[in-house]
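Subject: Structure handover

Hello,

Here is the structure for you to look over. My notes come after it.

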Amino acid sequence: MTANATRVLVLNSGSSSLKYQLLDMADGARLAVGLVERIGEETSRLAHTPLATGGAKRERQEPMPDHDAALKAVARELTADGLGLDSPELAAIGHRVVHGGQKFTAPTVVTDEVMAEMERLIPVAPLHNPANITGIRTAQALRPDLPQVAVFDTAFHTTMPESAARYAIDVETADAHMVRRYGFHGTSHAYVSRETAKLLGKDPSEVNVIVLHLGNGASASAVRGGRCVDTSMGLTPLEGLVMGTRSGDIDPAVILHLSRNAGMSVDEIDSLLNKKSGLIGLCGDNDMREIRRRIDEGDERAALAFDIYVHRLKKYIGAYYAVLGKVDAVAFTAGVGENAAPVREAAVAGLEELGLVVDAGLNEIRSGEARLISPDYARVAVAVVPTDEELEIATQAYALVSA
């Protein structure tokens with residue numbers, strides 16, 4: 001790697017989408033951001049914003065049959081801005097990979113052996129890992145000389161003790177089929193827990209934080225001294241909090257009940273719990289802004305959905321307070337966590353005896369900056385910390401190839 005190679009292209013490959021950001025790690029500046037949607041459909045859409053030049057967003061629609069075509073289209077857009085993939089300033093391409101199992105505990109330069117292990121993990125991440133692998137192979141073909149770095153969603157949670165990571169089922173069966181709690185949103189939890197410590201003026205090793213990543217997908221984590229000791233998502237992202245379309249925690253016998261008594265197939269139950277449950281299953285909306293609007297108009301279904309959402313959230317705050325023993329901060333992040341003041345207020349309401357208090361005025365302030373929303377006298381800080389998973393991926397990838 002040359003001395004002036006300070007740029008990292010971050011790719012997040014979905015089954016039919018490709019999100020990307022180009023960052024310069026010399027100062028953390030974003031040079032370009034974009035998204036390709038509907039890959040493999042009759043017409044795909046590419047939206048590209050060249051931040052380095054201050055140019056306006058460019059959009060175009062054209063057939064992109066696969067990720068190879070999509071990434072080549074992205075490369076053309078970057079080249080038009082003088083930021084092409086052939087630039088000697090590009091140090092690495094960082095890839096978000098959803099599932100790294102137990103083996104990948106840190107960012108990893110992709111090799112044939114790494115790819116083989118990611119393929120072995122497909123049964124526990126059938127929707128995500130294949131798309132992530134496709135994105136890596138496409139990038140390798142375009143820049144075979146450049147380090148491809150996999151940054152795993154699960155890596156931050158591999159520090160969980162076995163008492164938190166294991167399910168109470170037969171050990172041999174669990175091991176044979178990789179059944180355990182892995183956790184997800186790890187890059188967000190890592191970034192936010194570290195930024196929360198910075199907000200408190202302390203080193204991450206000195207701080208215990210409960211991180212609440214609340215978006216359409218939602219997860220909580222208990223972070224002791226910079227290391228995750230528990231998290232709400234499990235074998236898959238279905239476990240834990242109530243989410244936009246996912247049920248979160250549920251009695252596993254519900255699945256057996258629906259199979260035996262409703263005649264539902266495994267695929268139908270899977271679709272129910274992942275796509276037709278959570279907020280959308282409870283009230284028909286998974287946009288918290290719309291739910292709050294309906295509540296203001298007296299909609300009882302929306303009010304009940306909100307109450308169920310907050311009840312689960314509050315249970316996890318209490319549980320992770322018990323796991324940590326001492327809590328320095330509770331940090332809200334992601335789309336709902338950063339923007340929905342009523343959720344933050346309701347989540348800590350009644351927890352004053354635990355030292356959790358929200359200042360109503362501070363809570364209502366809209367800002368893109370990390371900030372405290374608790375009064376000075378609160379024993380436990382309550383924070384809003386905008387997450388930045390792309391910066392976290394770029395930071396980890398750059399640190400690895402620089403070393």
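Below are the notes on one pocket, one buried helix and one helix pair.

This is a predicted model, in which local features need pLDDT of at least 70, side-chain atom pairs count only at pLDDT 80 or more, and totals for chains, interfaces and linings use all residues. Residues are numbered from 1 along each chain as its sequence is written, and side-chain values use heavy atoms, with hydrogens and water left out.

Helix H13 covers residues 341-348 (helices are DSSP runs of H or I, at least four residues, numbered from the N terminus). Six of its eight residues are buried (under 20% relative accessible area, 1.4 Å probe, protein chains only), so H13 is largely enclosed by the rest of the structure. The buried ones are Ala-341, Val-343, Arg-344, Ala-346, Ala-347 and Val-348. Gly-350 follows H13, with a positive phi near 85 degrees.

Next, the pocket. The second largest pocket has a volume of about 260 Å³ (the space filled by probe spheres set on the grid points). A pocket is an open set of points on a 1 Å grid over the protein atoms alone, where a 1.4 Å probe fits, with protein on both sides within 12 Å along at least five of seven lines. Its lining residues, those with an atom within 4 Å of a point, number 18, and Phe-156, Ala-190, Gly-226, Glu-392 and Gln-396 are the closest to the centre. H6 gives the most to this lining, with five residues.

Last, the helix pair. The axes of H10 (288-296) and H11 (300-324), lines fitted to C-alpha atoms over the stretch in contact, come within 8 Å. They cross at roughly 125 degrees, on a scale from 0 to 180 degrees between N-to-C directions.

Regards

Definitions and conventions: Buried means under 20% relative accessible area, exposed over 50%, partly exposed in between (1.4 Å probe, protein chains only). Helices (H or I, at least four residues) and strands (E, at least two) are DSSP runs, numbered from the N terminus.
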